[in-house]
Amino acid sequence: MEIVAIVPLDKRRSKVLTDEELTFVLYRGELRKYEVEEGGQLPSSVYDQILREVLFKRAKERCLYLLKARDRTEQEIRRKLREGFYPEAAIDYAVGFLKEYRFVDDENYGRNYIRVYGSRKSRKQIEFELRDKGLDREDIGRLLEEQPVDEREQILKHLRKKGYEKGVTPPKERARIAASLARKGFSFDEIYGAMEEYPDS
């Protein structure tokens, strides 16, 4: 393959682009070591060597660094590595390592996420956020069956916070409160049901 461009990212690192749409980052010393030059050829044997000796290890270390701050899903890890210009082969290697040692476990992530946010977010909002993080819709549904979200209690808590009083709060304010809850993913049936129940809960 041909090196079509070498783009400096900072004083130490450069992004390497090839005619086969492969992109990866090397340090200046690595560019010299593997004789990577703009306009030059990069034999597949040398690219494989770069993968094994540099990019696999660096991708794995980057993943472990990312997981120090907080748990992440496989999709989040892959997204971060792509943002760092790691080639797919290095991403697959690093994610395979994480899964083998259970550093990444999407189902466990989803279970913990529901445990933490189930008392603060609607079922719909949790479903949306977990799908955005790469979890499968069916898996999310199963996890939510295991740990149901008490939406009614969340709505009642919000009504108390807003000073809602059944039969006292003006219709316009009642509609505004309902709209704010709907934006959080609660259904109008649940919202108005809780409003009718309140304050007898």
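Which residues are linked in a network of salt bridges? The legends below start with that one and then tour the rest of this predicted model.

**View 1. A network of salt bridges joins five side chains.** The residues to look for are Glu107, Arg111, Asp139, Arg142 and Glu146, which are linked to one another through salt bridges. Side chains of opposite charge can pair when their charged atoms come close. If you count salt bridges across the model, you get to 23.

**View 2. Here is the whole chain, for orientation.** The protein has 10 helices and three strands. Read from the N terminus, the order is β-β-β-α-α-α-α-α-α-α-α-α-α. The radius of gyration is 25 Å, well over the 17 Å that the globule rule gives for 201 residues, so the protein is more spread out than a compact globule. The C-alpha trace spans about 80 × 35 × 25 Å along its principal axes. Buried residues account for 39% of the 201 residues. The exposed area comes to about 12,300 Å², with carbon and sulfur atoms supplying 47% of it. Take the contacts between residues at least 6 apart in sequence: 55% of them join residues at least 24 apart.

**View 3. Glu129 and Lys121 form a salt bridge between two buried residues.** The closest N and O atoms of this pair sit 2.8 Å apart. Glu129 counts as buried because its relative accessible area is 17%, under the 20% cut-off. Lys121 comes in at 16%, so it is buried too.

**View 4. Arg82 pairs with Glu88.** Their closest N and O atoms are 2.7 Å apart. Are these two residues buried or exposed? Neither label fits: Arg82 is partly exposed, since its relative accessible area is 42%, and Glu88 is partly exposed as well, at 37%.

**View 5. A salt bridge connects Glu196 and Arg174.** In this pair the closest N and O atoms are 3.2 Å apart. The bridge links distant parts of the chain, with Glu196 in helix 10 (residues 188-197) and Arg174 in helix 9 (residues 171-183), 22 residues apart. Glu196 is partly exposed, with 48% relative accessible area. Arg174 counts as partly exposed too, at 23%.

**View 6. Glu30 is a buried glutamate in helix 1.** Helix 1 covers residues 28-33. With a relative accessibility of 16%, Glu30 falls on the buried side of the cut-off. What does the side chain of Glu30 reach? It reaches the backbone nitrogen of Tyr27, at 2.8 Å. Once you set aside neighbours within four places in sequence, Glu30 is in contact with Val54 and Arg58.

**View 7. Lys133 is a buried lysine in a loop.** The loop lies between helix 6 (123-132) and helix 7 (137-146). Why does Lys133 count as buried? Its relative accessible area is 15%, and buried means under 20%. Leaving out residues up to four places away in sequence, Lys133 touches Thr73, Gln75, Glu76, Tyr109 and Tyr113.

**View 8. Glu21 has a positive phi in a loop.** Most residues other than glycine have a negative phi. For Glu21, phi is near 65 degrees. You'll find Glu21 in the loop between strand 2 (13-18) and strand 3 (23-27). At 75% relative accessibility, Glu21 counts as exposed.

**View 9. Glu35 also has a positive phi without being a glycine.** Its phi is about 55 degrees. Where is Glu35? Look in the loop between helix 1 and helix 2. Glu35 counts as exposed, with a relative accessibility of 62%.

**View 10. Leu64, Tyr101 and Phe103 make a nonpolar surface patch.** The patch is about 300 Å². Leu64 belongs to helix 2, which runs over residues 44-69. How accessible is Leu64? At 33% relative accessibility, Leu64 counts as partly exposed.

How values were computed: Residues are numbered from 1 along each chain as its sequence is written. This is a predicted model: local features need pLDDT of at least 70, side-chain atom pairs count only at pLDDT 80 or more; totals for chains, interfaces and linings use all residues. Side-chain values use heavy atoms; hydrogens and water are left out. Patches are made of residues with over 30% relative accessible area and no salt bridge: like charges are joined within 9 Å, nonpolar side chains (Val, Leu, Ile, Met, Phe, Trp, Tyr) within 5 Å. Accessible areas come from the Shrake-Rupley method with a 1.4 Å probe; for residues, only the protein chains shown count as cover. A salt bridge is a side-chain nitrogen of Lys or Arg within 4 Å of a carboxyl oxygen of Asp or Glu. Helices (H or I, at least four residues) and strands (E, at least two) are DSSP runs, numbered from the N terminus. Buried means under 20% relative accessible area, exposed over 50%, partly exposed in between (1.4 Å probe, protein chains only). A polar contact is a pair of N or O atoms within 3.5 Å; within protein, one must be able to donate a hydrogen and the other to accept it, and residues adjacent in sequence count only if both atoms are side-chain atoms. Contact means heavy atoms within 4.5 Å. The radius of gyration is taken over C-alpha atoms; the globule rule is 2.2 Å times the number of residues to the power 0.38.
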